[in-house]
There are 2 protein chains.
Amino acid sequence: MKQQLHNYLNRYVTFSEEEVNLFYNYLTPKTFQKKEYLLKEGDLCKDKFFITEGLVRIYKIDLKGKEKIAHFGIENWWTTNMESYILEQPSQLYIQALENTSVLSISKTNLEKAFKKLPKLERMFRIITENMFVAIERKNELYMKFSGKDRYQNLVDRIPDFAQRVPQYMIASYLDITPEYLSEIRKNK
Amino acid sequence: MKQQLHNYLNRYVTFSEEEVNLFYNYLTPKTFQKKEYLLKEGDLCKDKFFITEGLVRIYKIDLKGKEKIAHFGIENWWTTNMESYILEQPSQLYIQALENTSVLSISKTNLEKAFKKLPKLERMFRIITENMFVAIERKNELYMKFSGKDRYQNLVDRIPDFAQRVPQYMIASYLDITPEYLSEIRKNK
DNA sequence: CGAAAATTTGACATGACTCAACTGGAGTGG
DNA sequence: CCACTCCAGTTGAGTCATGTCAAATTTTCG
């Protein structure tokens, strides 16, 4: 787990073994069973989670009471409810494990401490936040410019096995179309 | 202009006068006439721009040759094409002044130098990137969950005078609806 | 095996788009 | 300062992608 973290960190900024150890000591390993929640609506999201293994979905309940999936999180991704975390407001999102999932979690307080001890980390988080920003912008663009059919095709092309890991109604929710319509898209292919 | 920057910076992290001066020396003031471009498609976006005065739009040309406005940028905002800036790839976006606009620009190279001299800045940019992330997520959500009509209403409610500063067809583009449809929305109110 | 959950199917509804024509106001040049 | 042009905005007819609802079917899993 420490090695996996080290590899990940070095993608962005070079860290020595001691530096990784230092950071690692601020992290708390946790595991969640399939269907368990990392975060629920109404909770304050105090942590960032680095997923070492498994799969989560980040979703909310919309005005009509339906689940809307905003993102998925997989191995080697940080996940959190950024809005709740930054603004320290109750979460409107749920984060739920879709498979048995292992994470390294760190609270805002501890992350601040780690930043003080190891300023490089601040740099690293600046960089990964920028990358997340680009990722979310790309997603936006995909949703603004392309039809439901195209979005589905794009997902299948990029991550062919994803449809095997996740039930279809969740894919529909993520693509922002109804399960019925996704079913139709798949039929006419 | 320096004072304005100082006020802005202090929203996030406390800076002394000398520190602001230090940063300021890395910044280049520039002005753009209405309709001038800060960035064009195909350019490499080397800079971040802090808008001290004026208004810009960030847009692209879509598959059908139509302009699609992704964001507007106003006073006291940083604007850039994050994707081009980070990945150092040619820009697919245009950034254009809609009013006479003054900015403080900083190149990636200079920003890196400034980070080295003044690590606090790295922290500041980590924080503003997180804030931008939240802003873009909120926009996403608005577009995913609400109809064109609701998006228009939301815009009018939040920034009543915006419609006065920007022609209607640009508002339509930003709301991701056709000008014709926006016209209809406005009629039936 | 049986119940509950997920997926498919079909009929119908609608939000938003396209295209084309029209209106009105803002510049511009003679 | 008028006439002309051009661009933004409006209107209306027709269309299409996608949604809703309800029922039928299939899959999952205790």
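In which sense, left-handed or right-handed, does α5(A) cross α5(B)? Keep that in mind as you read these notes on the model, which is a predicted one.

1. **The helix pair.** The answer is left-handed: that is the crossing with which α5(A) passes α5(B). Each helix spans residues 119-145 of its own chain. Their axes come within 9 Å and cross at roughly 25 degrees. Because angles under 35 degrees count as roughly parallel, α5(A) is roughly parallel to α5(B).

2. **Who touches whom in that pair.** On the α5(A) side, the contact includes A:Pro119, A:Phe125, A:Met132, A:Phe133 and A:Ile136. On the α5(B) side you can look for B:Pro119, B:Phe125, B:Met132, B:Phe133 and B:Ile136, among others. Charged residues take part too, among them A:Glu122, A:Arg123, B:Glu122 and B:Arg123. By class, the contact of the two helices has 10 nonpolar, four polar and 10 charged residues.

3. **The whole contact between the chains.** Now step back from the two helices. Chain B gives 22 residues to the contact, and chain A gives 22 residues as well. On the side of chain B that touches chain A, two elements give two or more residues: α3 (82-87) and α5 (119-145) of chain B. The largest share there, 16 residues, comes from α5(B). That side of chain B divides into nine nonpolar, three polar and 10 charged residues.

4. **The sheet in chain B.** Here you will find an open sheet of four strands, in the order β1-β8-β3-β6, with antiparallel pairing. Its edge strands are β1 (28-32) and β6 (77-79), each of which pairs on one side only. From one strand to the next, the twist averages 35 degrees.

5. **A closer look at one strand pair.** Strand β3 (residues 47-53) of chain B pairs with β6(B) over three bridges, in the antiparallel sense. A handy place to start is B:Phe50, which stands opposite B:Trp78 in β6(B).

6. **A helix across the sheet.** Helix α4 (residues 108-117) of chain B lies across β3 and β8 of the same chain. The helix runs at about 70 degrees to β8(B), the strand of residues 101-107.

7. **Around the DNA.** Which residues are closest to DNA strand D? They are A:Ser147, A:Tyr181, B:Gln168, B:Tyr169 and B:Ser183, out of 16 residues that surround the strand. Both chains contribute: α6 (148-158) and α9 (179-187) of chain A, and α8 (168-175) and α9 (179-187) of chain B, each supply at least two residues. The largest share, six residues, comes from α9(B). By class, this surface has five nonpolar, five polar and six charged residues.

Notes:
Residues are numbered from 1 along each chain as its sequence is written. Chains are lettered from A and ligands numbered from 1 in the order in which they are written. This is a predicted model: local features need pLDDT of at least 70, side-chain atom pairs count only at pLDDT 80 or more; totals for chains, interfaces and linings use all residues. Two strands pair if DSSP finds at least two bridges between them. Axes are lines fitted to C-alpha atoms, for helices over the stretch in contact, and angles run from 0 to 180 degrees between N-to-C directions. Two residues are in contact if their C-beta atoms, placed from the backbone, lie within 7 Å. Angles under 35 degrees count as roughly parallel, over 145 as roughly antiparallel, 65 to 115 as roughly perpendicular and the rest as oblique. A crossing is left-handed if the near helix is turned anticlockwise from the far one by less than a right angle, and right-handed if clockwise. A residue is near a molecule or strand if its C-beta atom, placed from the backbone, lies within 6 Å of it.
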